[in-house]
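Please look over the sequence and the model below, and then follow the paragraphs from one helix to its surroundings, to a patch on the surface and finally to the aromatic rings.

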Amino acid sequence: MTKFWIRLFSIISIAAGAYIALVVFMAQFTLLEELADYDFAPEVRRLYAAGRYSEAAETARDMKKLKWGHQDDDFKRLMEKAEKKDRSVTENGYRFIRGFVSGSGDTFSDAAGAVLADLVVYGDVRDLLVQSGLWLGGKETDPLLAALSGAGIVLEAVPIASWVPAALKLMRKWGAITEEFAEHLIKSLKFMKLEKVPGKSEYRLFTDLYTLFRRMGLRRSAAVMRCIKSPEDLSAAVRFAQRDPAKLHLAVISTGGEVLRMPAKYSLSRVLAVSRKGAAGLLTLKRQPLLTAVKLVSSGRLGAFLRHGARNSKRFRNGSYFLAAVLVISGLAGLVLTSKRRKKQENPEKAEK
């Protein structure tokens, strides 16, 4: 009977040690509910400091609307300043004229002026002359700006708003079009000019851009376009924009654009929801099977206690591993001891020899 109890306690000891070690090991994998919300305040402050009041105000408005991120008193005061500057009639009038003349600028008023200039041809002529001057002077030109300046004729066959090429030029001047995506745009424009009718993928590229700009607005679109590198990224952005423009705007900021490259197997609403936690939130989706096991193993008071201690104290973590090792070794020792005693009883003559 004594051997039975020794074996039972040995098995329990091994199981307890293995359980402690497993829970402590799995504590390194963070669950979604353990993540803090992404802090958007530094991004809003950066935009404000750069004089990009429209983008700062738009980001702050989306934060307030969705209740994403931390908003202390200092941040609320900054929001009010950005809103005031964004809505200033005098400053916006000056920026509109500046955008009309130069075709660039950081605010929405600059954007409105620049787009209007392109719609009345002045903007296209201005940009073509600028690019020609750079080329004649032996300086580096921007092939995308040159191509977009003549895009009105090229895109006649495409049933999209005539302001799309103008909006793209503005995005380029804002630095909101990546070099990778610029190459796709140039190739599409060249193809459509040669073929006279839009090819399937080329047609889709510009209709997707139209949909994105219409759903997001130019200010939000600029944040999204800075993260788009391929037509696939653009298509993903359009799908998200049709679901929730405000969430997509904040999601590309919090995840550095990785939200656009999430596999299609994940639902749009779920991806946008976890993006409030930043890139780490997206990682919890990719690790879903593993984190389900973590939740199961760490359930109960003992599991929650071990997980909390292991995540917050290195000393607790090391002590738990030491305790787990002692329990497993003592359990194995008990099993070995009872096994030897049983062999002696089964073969007394062999044991005497």
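In this predicted model, helix α3 is mostly covered, with 11 of its 14 residues buried. The buried residues of α3 are Y53, S54, E55, A56, A57, E58, T59, A60, D62, M63 and L66, a list that includes charged and polar side chains as well as nonpolar ones. The helix runs over residues 53–66 and reaches 20 Å from its first C-alpha to its last, close to the 20 Å expected at 1.5 Å a residue. After α3 comes K67, whose phi is positive, near 60°.

On the other side of the helix in sequence, R52 has its place in the loop between α2 (41–49) and α3. Although R52 carries a charged side chain, R52 counts as buried because its relative accessible area is 13%, which falls under the 20% cut-off. The side chain of R52 makes a polar contact, at 3.0 Å, with the side chain of E55, and E55 is itself one of the buried residues of α3.

The surface offers another view, since F4, W5, L8, F9 and I12 form a nonpolar patch there, with about 510 Å² of accessible area together. Within this patch, F9 is found in helix α1, which spans residues 2–26, and F9 counts as exposed because its relative accessibility of 53% is over the 50% cut-off. In general, an α-helix has 3.6 residues a turn, so residues three or four places apart point the same way.

Turning to the aromatic rings, a search of the whole structure finds five aromatic pairs. One of them joins Y38 and F40, an edge-to-face pair with 4.9 Å centre to centre and 70° between the planes. Y38 is partly exposed, with a relative accessible area of 28%, whereas F40 is buried, with a relative accessible area of 0%. Another edge-to-face pair is formed by F305 and F316, with 5.5 Å centre to centre and 85° between the planes. F305 lies in helix α18 (residues 300–312) and F316 in helix α19 (residues 314–346), so this pair ties together parts that are 11 residues apart in sequence. F316 is partly exposed, its relative accessible area being 24%. Returning to Y38 and F40, these two residues also belong, with W68, to one aromatic cluster.

Definitions and conventions. Residues are numbered from 1 along each chain as its sequence is written. This is a predicted model: local features need pLDDT of at least 70, side-chain atom pairs count only at pLDDT 80 or more; totals for chains, interfaces and linings use all residues. Side-chain values use heavy atoms; hydrogens and water are left out. Helices (H or I, at least four residues) and strands (E, at least two) are DSSP runs, numbered from the N terminus. The expected span of a helix is 1.5 Å times one less than its number of residues. Buried means under 20% relative accessible area, exposed over 50%, partly exposed in between (1.4 Å probe, protein chains only). A polar contact is a pair of N or O atoms within 3.5 Å; within protein, one must be able to donate a hydrogen and the other to accept it, and residues adjacent in sequence count only if both atoms are side-chain atoms. Patches are made of residues with over 30% relative accessible area and no salt bridge: like charges are joined within 9 Å, nonpolar side chains (Val, Leu, Ile, Met, Phe, Trp, Tyr) within 5 Å. Accessible areas come from the Shrake-Rupley method with a 1.4 Å probe; for residues, only the protein chains shown count as cover. A salt bridge is a side-chain nitrogen of Lys or Arg within 4 Å of a carboxyl oxygen of Asp or Glu. Rings of Phe, Tyr and Trp (its six-membered ring) pair if their centres lie within 6.5 Å; planes under 30 degrees apart count as stacked, over 60 as edge-to-face and the rest as tilted.
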